[in-house]
Amino acid sequence: MEMDMDMNMYRCVECGFRIKTLFVQYSPGNIRLMKCENCKAVADEYIECNFLILLIDLILHKPKAYRHLLFNVLKQGAPHFEGILWKSTVGYLLLDAYRSLVLKSCDEEWSSSMSLSSLVWTCQKLLTDVFLGNLLFLGTFLLATKIFLSRSAGSPRNKDILLAILISSYFKMFLIIMMVWEFPSSVIFIIDLFVLSSNTVAVKVMTESTMSRCIGACFSAHAVKIFTTQDFSHTEIVAVGFTDKSVIDLYVMYSGYAHVGYSNIIFR
């Protein structure tokens, strides 16, 4: 009963203290923002802010922006919580599939001259990698939260943490821009790094654990996901033909391919 009451309470975006209400409405359009009993600051200043300001603060990885989004907007005890979780999961998988498709399109074998059987096999392999990679990512992350992160009686449920991971992966939406404007494939790996850092901040806000533990949990899950698709990744980095040595260093460091030498990479 006490846990359900905690789920139905809002959070102060400054200190994370639980609060019953964020504002008092006197008339339509006339509200007064409540102050936090703990830090004496306005509990949630984003209520009166434009969405663009929230988006900028999310990109800047400000914890208070994540508290507003995860606790005060996507309220854990809301009746539509399950619907948001399923929609976020579908959107996440579609964006991840498009990411793999963009990388695969850089392969010389991916062309309009492919036979139907080769095209079907390639699409099947791509979807298998996406689902298998994300399944192992989720399993590793949930296991890492039990190992690295402190879980008390008032800790969020696994569903809440999962939603935080999905929502904080909003950087994947920038892949849609690649449908309109042409970007080098190296941009995808930069987006992956932003997703990793955003996931870390979201997990820290949800669990209130130390940053080092959150980094360990998120990095281990992302590393397992990359290793499951290393067959595609190795082909992609050879086929793309990067000319920027720093980008290759960044990719090798992030994916954990310490055994990949520059002699195996074809430069144009």
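This briefing covers the overall make-up, confidence, salt bridges and selected residues of one chain.

The structure is a predicted model, in which local features need pLDDT of at least 70, side-chain atom pairs count only at pLDDT 80 or more, and totals for chains, interfaces and linings use all residues. Residues are numbered from 1 along each chain as its sequence is written, and side-chain values use heavy atoms, with hydrogens and water left out. The chain has 11 helices and four strands; helices (H or I, at least four residues) and strands (E, at least two) are DSSP runs, numbered from the N terminus.

**Overall make-up**

- Of the 268 residues in the chain, 43% are buried. Buried means under 20% relative accessible area, exposed means over 50%, and partly exposed lies in between (1.4 Å probe, protein chains only).
- Among contacts between residues at least 6 apart in sequence, 66% join residues at least 24 apart. A contact means heavy atoms within 4.5 Å.

**Confidence**

- The chain has a mean pLDDT of 77, and 75% of its residues reach 70 or more. pLDDT is the predictor's confidence in each residue, from 0 to 100.
- Helix 2 has the highest mean pLDDT among the elements of the chain (93), and helix 11 (residues 245-255) has the lowest (45).
- Over residues 1-5 pLDDT stays under 50, and the model has three contacts beyond four places in sequence for them.
- Residues 232-268 also have pLDDT under 50 throughout, and for them the model has 57 contacts beyond four places in sequence.

**Salt bridges**

- Side chains of opposite charge can pair when their charged atoms come close.
- The whole structure contains seven salt bridges, a salt bridge being a side-chain nitrogen of Lys or Arg within 4 Å of a carboxyl oxygen of Asp or Glu.
- One of them joins the side chains of Arg11 and Glu208, at 3.5 Å from N to O. Arg11 lies in strand 1 (residues 10-11) and Glu208 in the loop between helix 8 (186-207) and helix 9 (211-228), so the pair ties together parts that are 197 residues apart in sequence.
- Arg11 is buried, with a relative accessible area of 7%, whereas Glu208 is exposed, with a relative accessible area of 55%.
- Lys172 and Asp96 form a salt bridge through their side chains (3.1 Å, N to O). Because Lys172 is in the loop between helix 6 (158-167) and helix 7 (177-180) and Asp96 is in helix 4 (residues 81-105), this pair ties together parts that are 76 residues apart in sequence. Both Lys172 and Asp96 are buried.
- Asp96 also meets Lys225 in a salt bridge between side chains (3.0 Å, N to O). Asp96 lies in helix 4 and Lys225 in helix 9, so this pair ties together parts that are 129 residues apart in sequence. Lys225 is buried, as is Asp96.
- Glu14, Glu45 and Lys64 are joined into one network by salt bridges that share partners.

**Helix 2**

- The buried residues in helix 2 include Leu54, Asp57 and Leu58. They cover an arc of only 105 degrees around the axis, which puts them on the same side of helix 2; the arc is that of the directions from the helix axis to the C-beta atoms.
- Helix 3 (63-73) is what the buried residues of helix 2 pack against.
- At the start of helix 2, a side-chain oxygen of Asn50 comes to within 2.8 Å of the backbone nitrogen of Leu52.
- His61, just after helix 2, has a positive phi of about 65 degrees.

**The loop before helix 2**

- Asp44 is in the loop between strand 4 (30-33) and helix 2 (51-59).
- Asp44 is buried but has no salt bridge, and the nearest side chain of opposite charge, Lys64, is 8.9 Å away. For charge, Lys and Arg count as positive and Asp and Glu as negative, while His and the chain ends are not counted.
- The side chain of Asp44 does make a polar contact with that of His68 (2.7 Å). A polar contact is a pair of N or O atoms within 3.5 Å; within protein, one must be able to donate a hydrogen and the other to accept it, and residues adjacent in sequence count only if both atoms are side-chain atoms.
- Apart from neighbours within four places in sequence, Asp44 is in contact with Val13, Leu22, Leu33, His68 and Asn72.
- Glu48 is also in the loop between strand 4 and helix 2, and at 55% relative accessibility Glu48 counts as exposed.
- Not counting residues up to four places away in sequence, Glu48 touches Ile31 and Leu33. Glu48 and Leu33 are 15 residues apart in sequence and 8.9 Å apart in space, C-alpha to C-alpha.
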